[in-house]
2 protein chains.
Amino acid sequence: MGITQRKEREKEGMRQLILQAALGLFRDRGYDAVSIRNIAEAIEYSPATIYLYYKDKSEIFFALQYEAAALKRDHLLPVAAIENPWERLVEFGRRYVDFGFKHPDLYDLLFITRAPMEYVENQECWALGMATHSFFSETVQACVDQRYFKSTDTETIAYTLWCHAHGLVSLFVRERMRMYPEEKRQDLAQKSFSMIIKMAEHL
Amino acid sequence: MGITQRKEREKEGMRQLILQAALGLFRDRGYDAVSIRNIAEAIEYSPATIYLYYKDKSEIFFALQYEAAALKRDHLLPVAAIENPWERLVEFGRRYVDFGFKHPDLYDLLFITRAPMEYVENQECWALGMATHSFFSETVQACVDQRYFKSTDTETIAYTLWCHAHGLVSLFVRERMRMYPEEKRQDLAQKSFSMIIKMAEHL
DNA sequence: CAAATTTACTGAACACTGTTCATTTTTAAA
DNA sequence: TTTAAAAATGAACAGTGTTCAGTAAATTTG
């Protein structure tokens, strides 16, 4: 009786179809500027059909946010294999920024877009983000333990580095670097990342 | 013939009335969640009346953005009086962050909200922002000139410090600090600011 | 002061939005 | 082939930004 399995596959396929169409439209026009009718038109279904797979527009948003969180985790995963905590920290930062520049739409979804807060029950996504954050904190802690910093305030160190990385990416993502010529922006971000690493060495 | 003057005053008063109502609503509910009808209701006028003073919703947004830029300039203005460039730089940063925490809605308007890009003709606002940014850059340059840093890469230094400050404020403004207990957030930001200053001293 | 003119304002409409639901079409089971 | 279940939809509701013909108020003119 493989029919139910095929149905299940088709249902999942439809959910993915909706999600990918939504992601493309959200990226191009922003969450609010995209209507359910737009998404429906893109996948050549009636608007009402979408409500058979997602109970409302914000649920589509949350599904995308979860996918983004999973993709980000996968992007950062290889870092865990690095033994030396300092190298692990540097590579974590590099990959964090890299993820932001490669997937600005997903980064935006995760760290900038004002989420329809009502459903903080996006718990799976939240758990994913917390796990990543914990891994980051533990790496900083390992650096502290092994005397890579003079300071022992793990929390503040971790937060400070995160602030810089997030500022770096989000100024780019939300186009607040217009005072720099376009071809220079990535280069400047690169240099700034190197600089904060150098600064952190004397921390 | 003071009548035209009084009319002018009344017109300006009406514009301010609309702006302040809009700002309050935008702050509470966000730009997209606020309708022209909401604003009209708040000031007890018909929706159509608003279009006599602002040609569309985005023009209200831009007017607010300009006011925010002017307020931010005023908030940073006292810094210019500080002679010593390093002290000036530190105080600039402190006040920048302070502005963000005191006026998260305005900060959001200036540095996070995806502006309806069509009117980059918000030139007065852009000019204001650029002037502030230039002042910041020049302060960093003055520090470089007086050998406050080992590095001489003024542009990267300025950008790096800006990244941290912006990250600091925007993580707070867009509520990405939920992993820290609420009463700790401001304190952590304070500590992080001190830390980046310390780091900059060894730059 | 009354009439004419300019200014300020509004109600109704248009095309759009998210969402619901009765109805129809398609698919699977008997 | 009929019957039951699943999937898809058209039409509707209350909301949106925006426009415009028309009304009400204020000012200028005779």
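These legends walk you through several close-up views of a predicted model with two protein chains and a DNA strand.

**View 1. Chain A and chain B share a two-fold relation.** Start by picturing one chain turning onto the other: a rotation of 180° with 0.1 Å of shift along its axis superposes chain A on chain B, with an RMSD of 0.1 Å. That is the relation of a two-fold axis. The copies also meet through the same surface, because 100% of the interface residues of chain A are interface residues in chain B as well.

**View 2. Here is the interface between chain A and chain B.** How many residues of each chain are in contact with the other? On chain A there are 47, and they are in contact with 47 residues of chain B. Between them the two chains bury about 4,600 Å², and 64% of that is on carbon and sulfur atoms. Look out for A:Tyr159, A:Arg176 and A:Met199, which supply 16% of the area that chain A buries against chain B, more than any other three residues.

**View 3. Salt bridges and polar contacts cross the interface.** The rule finds 2 salt bridges between chain A and chain B. One of them links A:Glu155 with B:Lys184, whose closest N and O atoms are 3.0 Å apart. There are also 12 residue pairs in polar contact across this interface.

**View 4. Helices of chain A build the side that touches chain B.** On this side, α6 (104-111), α7 (123-145), α8 (154-173) and α9 (182-201) of chain A each supply at least two residues. Which helix gives the most? That is α8(A), with 14 residues. By type, the residues on this side of chain A divide into 24 nonpolar, 12 polar and 11 charged.

**View 5. Both chains contribute to the surface near DNA strand C.** From chain A, α1 (3-29) and α2 (36-42) each supply at least two residues of this surface, and so does α3 (47-50) of chain B. The surface residues divide into 10 nonpolar, 4 polar and 7 charged. Of the 21 residues around the strand, A:Arg6, A:Ser35, A:Arg37, B:Thr49 and B:Tyr53 come nearest. Sugar and phosphate make up 58% of the atoms of DNA strand C that come within 4 Å of the protein.

**View 6. Side chains of chain A meet phosphate oxygens and a base of DNA strand C.** A polar side-chain atom of A:Ser35 sits 2.9 Å from a phosphate oxygen. For A:Tyr51, a side-chain N or O atom is 2.7 Å from a phosphate oxygen of the strand. Turning to the bases, a side-chain N or O atom of A:Arg37 lies 2.6 Å from a base nitrogen.

Notes: Residues numbered from 1 in each chain as written. Chains lettered and ligands numbered in written order. Predicted model: local features only at pLDDT ≥ 70, side-chain atom pairs only at ≥ 80, totals over all residues. Heavy atoms only, no water. Contact = heavy atoms within 4.5 Å. Buried area = accessible area lost by both parts, 1.4 Å probe. Salt bridge = Lys/Arg side-chain N within 4 Å of Asp/Glu carboxyl O. Polar contact = N/O pair within 3.5 Å; in protein donor to acceptor, adjacent residues only side chain to side chain. Helix = DSSP H or I, 4+ residues; strand = E, 2+ residues; numbered from the N terminus. Nonpolar A, V, L, I, M, F, W, Y, C, P; charged D, E, K, R; others polar. Least-squares fit on C-alpha atoms with pLDDT ≥ 70 in both. Near = heavy atom within 4 Å.
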